[in-house]
Amino acid sequence: MSDTRTAGASAPTDTRAAEALSNFIGGRWVPSAARQFVDVHNPALGTVIARTPLSNAEEVDAAVQAAARAFRGWSETPVVVRARAMFRFVRLLEEHFEDLARTVTTEHGKTLDEARGSVRRGIECVEVACGAPSLMMGYGLENIATNIDSAVVRQPIGVVAAIAPFNFPAMVPLWFLPFAVATGNTIVVKPSEQVPLSQRLIFRLLERCDLPPGVVNLVNGGRTVVEAICDHPGIKAVSFVGSTPVAREVYRRATHAGKRVQALGGAKNVVVVMPDANMEKAIEIITESFYGCAGERCLAGSLLVPVGAAHAEARDRLVASARSLKVGDGLVPGVTMGPVISGPHRDRVRSYIDKGVHEGAALVLDGRGATVGDRPDGFWVGPTVFDDVSPSMTIGREEIFGPVASIAAAKTLDEAIALMEAHPNANATSIFTSSGKAAREFAHRATASMVGVNIGVAAPMAYFPFGGAKDSFFGDLKVHGRDAFEFYTDKKVTITRWL
Ligand code: NAD
């Protein structure tokens with residue numbers, strides 16, 4: 001696939017007026033040398049609002065060189081001073097909170113409340129990174145032999161890189177940047193070419209945090225930039241978030257080049273409803289899980305598995321609840337579900353619905369014809385529900401990443417767990433029940449590594465590790481929490497005897 005085939009590259013709108021974005025390298029905004037651009041859309045309007053340059057490998061190299069030059073001084077800067085820069089960053093993010101949330105909604109489409117939630121989650125990562133003076137500490141022991149002491153310290157590893165997906169334009173890069181920087185590394189960030197504006201704003205705030213030039217760098221682009229990051233000998237670690245095929249390839253390529261890698265992939269999240277669940281509350285929460293952010297969350301429910309007698313009631317309540325969602329522009333008050341990210345993605349989601357019908361699932365709520373009166377060119381798909389889905393159908397197997405719920409009923413909890421076990425993805429999962437025994441059994445046996453009990457979106461907070469298992473995660477150390485301090489540091493052990 002060439003860079004120009006990335007979603008949005010062939011927008012029908014006149015793009016000449018839209019601003020071409022710059023990169024941020026060595027403390028300066030630098031126009032890209034790119035000849036090819038991706039159109040950035042407001043998905044609720046279908047209009048082009050900016051153009052992302054598809055930067056080249058030389059531009060990645062320039063960013064890595066700037067980061068490498070900054071590394072020595074920054075890694076020697078006292079950790080408390082580095083943490084102070086992150087405190088300043090928190091303050092600026094708070095001051096510009098509304099601005100950021102609106103930027104997220106404008107370029108991604110999610111509702112303003114959802115955007116605010118995601119910015120809040122991002123800020124929490126910076127807050128946790130402010131704890132670097134404590135969280136980066138090593139440990140030691142006297143008299144490991146007579147008059148010999150030993151101590152472990154953590155040291156930053158060098159230039160690191162983070163590559164982000166489209167679905168959380170502000171938050172996902174903040175899973176990485178604050179931890180990398182607070183621990184003394186320098187970083188190159190590549191946002192999704194579909195949603196580069198939130199990171200532009202965030203880097204404008206970073207410019208005001210007294211960071212030396214080169215500590216944080218931003219390179220816009222697509223596949224070429226990702227490949228250059230994977231291959232660059234000056235980069236020591238790569239964090240990736242995106243779809244499973246790309247995550248797998250980034251992991252392979254970057255580890256082959258000798259780097260430390262964490263690559264988070266796609267999902268097909270199973271949500272189990274037991275007959276003893278509080279059905280009214282459960283379906284309210286489940287509706288948010290399946291249709292929040294128009295289903296474009298890696299933690300979104302995708303397969304609803306009602307067990308035994310829960311089936312009919314869960315289905316009927318879900319259909320009623322999904323039908324009551326108000327689809328529209330996320331900036332408009334009262335709207336509860338925004339558009340999907342792009343025209344090509346809307347068409348992909350619709351074609352999944354076509355396939356579900358073709359393969360014999362029962363379409364009980366059809367979102368294909370959704371329109372929004374005063375936004376005729378937005379990328380709309382309405383809430384959709386399929387019943388009688390089998391895990392072997394395309395819609396039961398593949399990640400749709402849109403507002404489509406597939407119901408696959410099971411006779412027993414064992415059968416529901418077996419369904420999850422059989423799937424190659426294992427990101428998040430949830431159970432709704434009032435039985436402690438069922439909840440415990442489920443949490444213990446779940447293959448997914450983010451588990452919700454009566455929680456629809458099992459998102460670990462910034463001080464816990466975030467990441468899935470199997471084909472949803474390639475690597476060892478997960479994202480944020482204590483794992484971040486492991487990922488961004490190397491441990492050095494000194495053994496001392498004074499003669
Ligand atoms: P994507 O894989 O298409 O793109 C992710 C990043 O990789 C982007 O920066 C893009 O420029 C780059 N990229 C795309 N194709 C590439 C290629 N062939 N070679 C090299 N780089 C390439 O993903 P997306 O559509 O932006 O995001 C949605 C996906 O991300 C979903 O699968 C979702 O589940 C996943 N996701 C996972 C998590 C998680 O925590 N596991 C979180 C958010 C999103």
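**Ligand site and domain arrangement**

Domain 1 (14-265 + 472-496) and domain 2 (269-453) both contribute residues to the shell around the ligand, so the ligand lies between them. The structure is a predicted model, and the bounds of domain 1 and domain 2 are those of the domain assignment of the chain.

The ligand has 26 residues around it, of which A164, E193, S243, G265 and E399 come nearest. By class, the residues of the shell comprise 14 nonpolar, 8 polar and 4 charged. Two elements of secondary structure, α9 (223-231) and β10 (235-241), each provide at least two residues of this shell.

Polar contacts to oxygen atoms of the ligand involve both backbone and side-chain atoms of the protein. A164, one of the residues that come nearest to the ligand, places a backbone N or O atom 2.7 Å from a ligand oxygen atom. In the case of K190, an N or O atom of the side chain is 2.9 Å from an oxygen atom of the ligand. At G242, a polar backbone atom lies 3.2 Å from an oxygen atom of the ligand. The ligand taken alone exposes 840 Å², and 89% of that area is buried by the protein.

The two domains that supply the shell also contact each other directly. Their C-alpha centres are 31 Å apart. Contact between them involves 23 residues of domain 1 and 27 residues of domain 2. About 2000 Å² is buried between domain 1 and domain 2, with 59% of this area on carbon and sulfur atoms. On the domain 1 side, P43, A44 and S472 account for 25% of the area buried against domain 2, more than any other three residues.

Key:
Residues are numbered from 1 along each chain as its sequence is written. This is a predicted model: local features need pLDDT of at least 70, side-chain atom pairs count only at pLDDT 80 or more; totals for chains, interfaces and linings use all residues. Side-chain values use heavy atoms; hydrogens and water are left out. A residue is near a molecule or strand if one of its heavy atoms lies within 4 Å of it. A polar contact is a pair of N or O atoms within 3.5 Å; within protein, one must be able to donate a hydrogen and the other to accept it, and residues adjacent in sequence count only if both atoms are side-chain atoms. Accessible areas come from the Shrake-Rupley method with a 1.4 Å probe; for residues, only the protein chains shown count as cover. Helices (H or I, at least four residues) and strands (E, at least two) are DSSP runs, numbered from the N terminus. Ala, Val, Leu, Ile, Met, Phe, Trp, Tyr, Cys and Pro count as nonpolar, Asp, Glu, Lys and Arg as charged, and the others, Gly among them, as polar. Domain bounds come from an automatic or database domain assignment. Contact means heavy atoms within 4.5 Å. Buried area is the accessible area (1.4 Å probe) that two parts lose on being put together, summed over both.
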